[in-house]
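Please open the model in your viewer and keep the sequence panel beside it. The stops below say what to select next and what is to be found there.

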Amino acid sequence: EGPSQDDVTDPEKYKELRGVNRRAVDRMYDIINERKDAETTVVYVSVLEIYCERVRDLLAPKKKKEDKDDYKVRSGLHPVGDYEVPGNYVEGLVQVKVSSSDEITNLLDEAKSSRKEGTTDMNTHSSRSHMILSLVACTRNNATGAQSFGKL
């Protein structure tokens, strides 16, 4: 059972009840704000779904979601905004530049509404769908120009 309506409307109670993803995003923005004089950080979000062993981009426009079903997992340098970021990625996903945890929450709500869900033989309330949030933080030191990247 989830939080009551009173818990959701009370900011202090809600803060205590947030899940690990929301806490991590909030903490990331706390750190970005603490370091804003020394560093410039840009955050990009992608959200995908794995449903029946197929990858779907949950932030793509509806027509694009229906047309494209050949997303590939790659490794190496890949473009994220104006940056070339190393690591694993899914080629062709929509990346949205965000500037707050509230924007990420709104994108997650949008992505959630695009998910495919079905029941399993074991549980009529279960979904075969897995939603994956990907955050990439691109940081540049204002004094030295050094760049760093983090993925969550």
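Begin by selecting E103, whose place is in helix α5; helices (H or I, at least four residues) and strands (E, at least two) are DSSP runs, numbered from the N terminus. This is a predicted model, in which local features need pLDDT of at least 70 and side-chain atom pairs count only at pLDDT 80 or more, while totals for chains, interfaces and linings use all residues. Residues are numbered from 1 along each chain as its sequence is written, and side-chain values use heavy atoms, with hydrogens and water left out.

E103 is partly exposed, with a relative accessible area of 32%; here buried means under 20% relative accessible area, exposed over 50%, and partly exposed in between (1.4 Å probe, protein chains only). Show its side chain together with that of S99, and you will find a polar contact of 2.6 Å joining the two. A polar contact is a pair of N or O atoms within 3.5 Å; within protein, one must be able to donate a hydrogen and the other to accept it, and residues adjacent in sequence count only if both atoms are side-chain atoms. Leaving aside neighbours within four places in sequence, E103 is in contact (heavy atoms within 4.5 Å) with K97 and V98. Add V45 to the selection: E103 and V45 are 58 residues apart in sequence, and their C-alpha atoms are 9.8 Å apart in space.

Next, select helix α3, residues 20-34. At 1.5 Å a residue, its 15 residues should span 21 Å, and this agrees with the 21 Å between its end C-alpha atoms; the expected span is 1.5 Å times one less than the number of residues. Which residues of α3 are buried? They are V25, M28, Y29 and I32. These residues cover an arc of only 95° around the axis, which puts them on the same side of α3, the arc being that of the directions from the helix axis to the C-beta atoms. On the face turned away from this buried side, look for the exposed residues V20 and E34. The cover over the buried residues of α3 includes β1 (39-51), β7 (96-98), α5 (101-113) and β8 (129-141).

Now colour the largest nonpolar core, which has 18 residues, and of these Y29, V43 and I104 touch the most other members. A nonpolar core is a set of buried Ala, Val, Leu, Ile, Met, Phe, Trp, Tyr and Cys residues joined through side-chain atoms within 4.5 Å. Two or more residues of this largest core come from each of α3, β1, α5 and β8. Centre the view on V43, which touches, among others more than four places away in sequence, M28, Y29, I32, V96 and L135.

Follow β1 to the hairpin that it forms with β2, where two residues lie between the strands and C52 in the turn has a positive phi of about 50°. The two strands pair in the antiparallel sense over four bridges; pairing requires that DSSP finds at least two bridges between strands. Within this hairpin, L48 stands opposite D57 in β2.

Finish at H78 in strand β4 (residues 78-80), which is buried, with a relative accessible area of 4%. Polar atoms of its side chain lie 3.2 Å from the backbone oxygen of G76 and 2.9 Å from the backbone oxygen of V85. Beyond four places in sequence, the residues that H78 touches include Y83, P86, Y89 and K151.
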